[in-house]
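Thanks for coming. I have one structure to go through today, and I will take it from the overall layout down to single residues. Please have a look at it first.

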Amino acid sequence: MKDRLRSPVRFLELEREKRRKERDKASSRPLAHGVEVVLGKIAPAKSRDPLTRLQEVRELWVKVVGREIARRTEPQRWREGVLTVAVDTTPLASELQSFGEQALVADLAESGLDGIHSIRFETGHPRGVARGEGYQS
């Protein structure tokens, strides 16, 4: 009497199993790609240097605002869709906040800065500008 548990696997069964695995693998590819993209944004790989990303943001900033304003401002942080920019004078920070924030957000998004939704302007001294009389630390 033949032992049913020890019957040899047929060629046809192996081929069906291969096709089933290929279908499963093909159907999970879009999901796997989506998961990679989301993980890349939430938890970037160690090889991705945050300073390099900030440098890219600074280069975009110069293109969007122009050299004159870029000379008096500098992006300091880029996190979770909020760009923090140091501005050398309070009146310029106020003017950029009041009149230019939404336009700058739109221009930066159009230039390739994905996920930006607001800009926070802080009065500070970008790029180590010499602090004049009356500066208190």
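Before anything else, a word on burial: a residue is called buried when its relative accessible area is under 20%, exposed when that is over 50%, and partly exposed in between, using a 1.4 Å probe and protein chains only. By that rule Leu104, with a relative accessible area of 10%, is buried. I will come back to this residue.

Now the source of what I show. This is a predicted model, so to speak of local features we ask for pLDDT of at least 70, and side-chain atom pairs count only at pLDDT 80 or more, while totals for chains, interfaces and linings use all residues. Residues are numbered from 1 along each chain as its sequence is written, and side-chain values use heavy atoms, with hydrogens and water left out.

The layout comes next. The protein chain has four helices and three strands. Both kinds of element are DSSP runs, numbered from the N terminus: H or I over at least four residues for a helix, E over at least two for a strand. Read from the N terminus, the order is α-α-α-β-β-α-β. Of the 137 residues in the chain, 23% are buried. As for contacts, meaning heavy atoms within 4.5 Å, I take those between residues at least 6 apart in sequence; 57% of them join residues at least 24 apart.

Let me turn to the strands. Two strands count as paired if DSSP finds at least two bridges between them. Strand 1, residues 73–79, pairs with strand 2 in the antiparallel sense, over six bridges. In this pairing Leu83 of strand 2 has Trp78 opposite. Two residues lie between the strands of this hairpin. Glu80 is in that loop, and its phi is near 45°, which is positive although the residue is not glycine. With 80% relative accessibility, Glu80 is exposed.

On to strand 2 itself. How many of its six residues are buried? Five of them, in a strand that covers residues 82–87, so strand 2 is largely enclosed by the rest of the structure. Strand 2 also pairs with strand 3, residues 118–123, this time in the parallel sense and again over six bridges. Two of the bridge partners are easy to find: Val85 goes with Phe121, and Val87 with Thr123. To get from strand 2 to strand 3 the chain passes through helix 4, residues 90–111, in a right-handed β-α-β crossover. Right-handed here means that, with the strands pointing away from the viewer, the path from the first strand over the helix to the second runs clockwise.

Helix 4 deserves a closer look. It has 22 residues, yet its end C-alpha atoms are only 27 Å apart, where a straight helix would reach 32 Å; that expected span is 1.5 Å times one less than the number of residues. There is a bend of about 75° at Gly100, taken as the angle between axes fitted to the seven residues ending there and the seven starting there. The buried residues of helix 4 include Gly100, Glu101 and Leu104. After the helix comes Gly112, with a positive phi near 120°.

That leaves the core. A nonpolar core is a set of buried Ala, Val, Leu, Ile, Met, Phe, Trp, Tyr and Cys residues joined through side-chain atoms within 4.5 Å. The largest one here has 20 residues, and those touching the most other members are Trp61, Leu83, Leu104, Leu108, Ile116, Ile119 and Phe121. Helix 2 (50–65), strand 2, helix 4 and strand 3 each supply at least two residues. Helix 4 gives the most, six.

Two of these residues will do as examples. Leu104 is in helix 4. Setting aside residues up to four places away in sequence, Leu104 touches Trp61, Val64, Val65, Leu96, Ile119 and Phe121. Between Leu104 and Trp61 there are 9.0 Å from C-alpha to C-alpha, with the two 43 residues apart in sequence.

Phe121 sits in strand 3 and is buried, at 12% relative accessibility. Beyond its neighbours within four places, its contacts include Trp61, Val85, Ala93 and Leu104. Phe121 and Leu92 are 29 residues apart in sequence, and their C-alpha atoms are 9.4 Å apart.

That is the end of my part.
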